[in-house]
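Work through the following exercises with the sequence and the model open. Each task is followed by a solution in steps.

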Amino acid sequence: EVESHVKTYLRVFVVLLVFTILEYFYAMLAQEHFGALVLGLMAMAVTKATLVGMYFMHLKFEGRWVYLMLV
């Protein structure tokens, strides 16, 4: 029996959409503080990239060697 992952993909998509909206508003609010702007946007970008890699590229189901290769 094949399990549908549509709900999981939609949840991840919504989280990515929320992070994208947060990045936009964060960039508008933190323009005066360049260091905080870069650190905040980088943290959100790494989080989004991790979600994309784990769920849409199916790295969640790979062995530990993949994580060592990424590092």
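Helices are DSSP runs of H or I with at least four residues, numbered from the N terminus. The model used here is predicted.

**Exercise 1. Place T47 and state how far it is exposed.**

Step 1. By the helix numbering, T47 belongs to helix α2.

Step 2. The class partly exposed lies between the cut-offs of 20% and 50% relative accessible area. T47 has a relative accessibility of 33%, so it counts as partly exposed.

Step 3. T47 and R11 are 36 residues apart along the chain, and their C-alpha atoms are separated by 15 Å.

**Exercise 2. Describe the fold and the overall dimensions of the protein.**

Step 1. The protein contains 3 helices and 0 strands. In sequence order the pattern is α-α-α.

Step 2. The radius of gyration is 15 Å, whereas the globule rule gives 11 Å for 71 residues; the protein is therefore more spread out than a compact globule.

Step 3. Along the principal axes, the C-alpha atoms fill a box of roughly 55 × 30 × 10 Å.

Step 4. Of the 71 residues, 17% are buried. The exposed area is about 6000 Å², and carbon and sulfur atoms supply 73% of it.

Step 5. Take the contacts between residues at least 6 apart in sequence: 49% of them join residues at least 24 apart.

**Exercise 3. Check the spans of α1 and α2 against the expected rise.**

Step 1. For α1, 24 residues at 1.5 Å a residue should span 34 Å. The end C-alpha atoms of α1 are 35 Å apart, which agrees with that expectation.

Step 2. Helix α2 runs over residues 34–56 and has 23 residues. From first C-alpha to last, α2 reaches 32 Å, close to the expected 33 Å.

Step 3. After α2 comes H58, which has a positive phi, near 60°.

**Exercise 4. Identify the buried residues of the two helices and what covers them.**

Step 1. In α1 the buried residues are V12, L16 and E23. The cover over the buried residues of α1 includes α2.

Step 2. In α2 the buried residues are L37, G40, M44, K48, L51 and G53. Their cover includes α1, residues 6–29.

**Exercise 5. Compile the setting of V12 and of E23 in α1.**

Step 1. V12 is found in helix α1. Its relative accessible area is 7%, so V12 is buried.

Step 2. Neighbours within four places in sequence are set aside. V12 is then in contact with L51, Y55 and F56.

Step 3. The C-alpha atoms of V12 and Y24 are separated by 19 Å, with the two residues 12 apart along the chain.

Step 4. E23 also has its place in helix α1. With a relative accessible area of 15%, E23 falls under the 20% cut-off and is therefore buried.

Step 5. Residues up to four places away in sequence are again not counted. E23 touches L41, M44, A45 and K48. Of these, M44 and K48 are among the buried residues of α2.

**Exercise 6. How many side chains of each charge are there, and how far apart are the centres of the two sets?**

Step 1. The count is 5 positive and 5 negative side chains.

Step 2. The centres of these two sets lie 5 Å apart.

How values were computed: Residues numbered from 1 in each chain as written. Predicted model: local features only at pLDDT ≥ 70, side-chain atom pairs only at ≥ 80, totals over all residues. Heavy atoms only, no water. Expected span 1.5 Å × (residues − 1). Buried < 20%, exposed > 50% of the residue type's maximum accessible area, 1.4 Å probe, protein only. Contact = heavy atoms within 4.5 Å. Rg over C-alpha atoms; globule rule 2.2 N^0.38 Å. Areas by Shrake-Rupley, 256 points an atom, 1.4 Å probe, with all protein chains shown as cover. Lys, Arg positive; Asp, Glu negative; His and termini not counted. Charge placed at Lys NZ, Arg CZ, Asp CG, Glu CD.
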